Amino acid sequence: MKLASRLDHIEPFYVMECAKAAAELARSPACADSPMIFLNIGEPDFTAPPRVQDAAERALRAGWTQYTDATGLVALRERIARWYGERFGLDIAPRRVVVTAGASAALQLACLALVDRDDEVLLPDPSYPCNRHFVAAAEGVPVLLPASPAERFQLSAAGVEASWSQRTRGVLLASPSNPTGTSIDPAEMGRIVDTVRARGGFTVVDEIYLGLSYEERFGHSALAHGDDVISINSFSKYFSMTGWRLGWLVAPDDLVAPIERLAQNLYICASTVAQHAALACFEPDSIAEYERRRGEFHARRDFLVPALESIGLPVPVMPDGAFYAWADCSRQASSSWDFCFDLMRRAHVAITPGRDFGRHTAERYVRLSYASSMEQLHAAIDRLRTTLS
């Protein structure tokens, strides 16, 4: 069977390959007395709060399980738009909100609507691997621009301007970022948007970790910089609904109809039950719980980053959001891939090598997720300290 040539540009998702190896080792006798500690997957250890679970049960009992509009429940689109006003002081029209089957679907829809064959899209290196693969799946060309610690591992307006070519169509950013947990300063984001706008391009910003910002300086949506900015968001991270597969995007008015047409044909609509449940995310009790959890993630960051420094795994830029630390392992090994598998076998701690996230200095960095309990983080650091001493 001949496979489509686009698959030549889609690399394996190495995060999941490492996760499979860690899970297999965890089931072996070697881990019987020392269970594997998983700091490799970016999934909150919290689940949907009670009000959200109750809302899902009510939807099932009431039979609210039929298709919705491809753009989502009107009530949910309105509530998401209101949340931008409450949280970020932004006036977002509900008609610009499109509910999707997770942020992944939102990114796919945006790329399919905006990227033609051989169009170039600029992304930072390091960045979440699936973002460049969404561009490749749309037959575009992802262009990874090396981003240094001095740039917070993010693109800059000057870098975008210098790298823009006749084939460049736009930029795909993430703030806060996976794997670094760093955000783009709002002033710099404004300069990037202006640079792209002046060249007739698009700015897509993955903001799925925006709710998990820990510093006022960075906790702002890129939507503040104009109605032409496209924001991707999700109920998975801040709202703790990973397996529910529900996200959204906010698009310019003239892009909503094309995206709706694509969604109608690709998956009809997002999960109806998940949409009804998500309405309860915005109840005061739910928001209070999410804020408590955000505080817990913040405390975990404040423990983990200095602890990593103390065992020879420095974090060049303090993460200001999400739940990741991007640590430099070059003092310990020349290959982050080999280093991670060595720790998996010797310390029974699973972390993620840099290979997934780009090519520039990928062998120098590892990603650790602090979406695990404080108890697990303490145990992991103790094991790593013993193994690396």
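Helix α7, which covers residues 186-198, has 13 residues and reaches 18 Å from its first C-alpha to its last, close to the 18 Å expected at 1.5 Å a residue. The model is predicted, and the values given here are computed from it. Beyond α7, this briefing takes up two cases of strand pairing, three salt bridges within helices, and a nonpolar patch on the surface that includes M1.

**Helix α7 and its cover**

- The buried residues of α7 are E188, M189, G190, I192, V193, T195 and V196.
- The elements that cover these buried residues include α6 (157-163), β5 (168-174) and β6 (202-206).

**Strands β2 and β8**

- In a regular strand the side chains alternate between the two faces of the sheet.
- In strand β2 (residues 97-100), V97 and V99 point one way while V98 and T100 point the other way, and all of them are buried.
- Strand β2 pairs with strand β8 (residues 247-250) in the antiparallel sense, over four bridges, and within β8 the bridge partner of T100 is G247.

**The open sheet of β9, β12 and β11**

- Three strands form an open sheet in the order β9-β12-β11, with antiparallel pairing.
- The edge strands of this sheet are β9 (324-328) and β11 (352-353), each of which pairs on one side only.
- Strand β11 is joined by two bridges to strand β12 (residues 365-369), and the two run antiparallel; in β12, the bridge partner of T352 is R367.

**Salt bridges within helices**

- The structure holds 29 salt bridges, and the general background is that side chains of opposite charge can pair when their charged atoms come close.
- An α-helix has 3.6 residues a turn, so residues three or four places apart point the same way.
- In helix α2 (residues 50-62), E57 and R61 are four residues apart and therefore separated by about one helical turn; they form a salt bridge in which the closest N and O atoms are 3.7 Å apart.
- E57 is partly exposed, with a relative accessible area of 41%, whereas R61 counts as exposed at 62% relative accessibility.
- In helix α10 (residues 284-310), R294 and E291 are three residues apart, so about one helical turn separates them, and their side chains meet in a salt bridge at 2.6 Å, N to O.
- Both partners in α10 are partly exposed, R294 at 23% relative accessibility and E291 with a relative accessible area of 26%.
- In helix α11 (residues 336-346), the side chains of R346 and D342 meet in a salt bridge at 2.9 Å, N to O; these residues are four apart in the helix, so they too are separated by about one helical turn.
- R346 is exposed, with a relative accessible area of 52%, while D342 counts as partly exposed at 25% relative accessibility.
- Elsewhere, salt bridges that share partners join R6, R117 and E139 into one network.

**A nonpolar patch on the surface**

- M1, L3, L7 and I10 form a nonpolar patch on the surface, and together they have about 480 Å² of accessible area.
- M1 lies in the segment before α1 (14-26) and is exposed, with a relative accessible area of 97%; because residues must have over 30% relative accessible area to belong to a patch, M1 meets that part of the requirement at 97%.

Conventions:
Residues numbered from 1 in each chain as written. Predicted model: local features only at pLDDT ≥ 70, side-chain atom pairs only at ≥ 80, totals over all residues. Heavy atoms only, no water. Patch = residues over 30% accessible without salt bridge, like charges linked within 9 Å, V, L, I, M, F, W, Y side chains within 5 Å. Areas by Shrake-Rupley, 256 points an atom, 1.4 Å probe, with all protein chains shown as cover. Salt bridge = Lys/Arg side-chain N within 4 Å of Asp/Glu carboxyl O. Buried < 20%, exposed > 50% of the residue type's maximum accessible area, 1.4 Å probe, protein only. Pairing = 2+ DSSP bridges. Expected span 1.5 Å × (residues − 1). Contact = heavy atoms within 4.5 Å.
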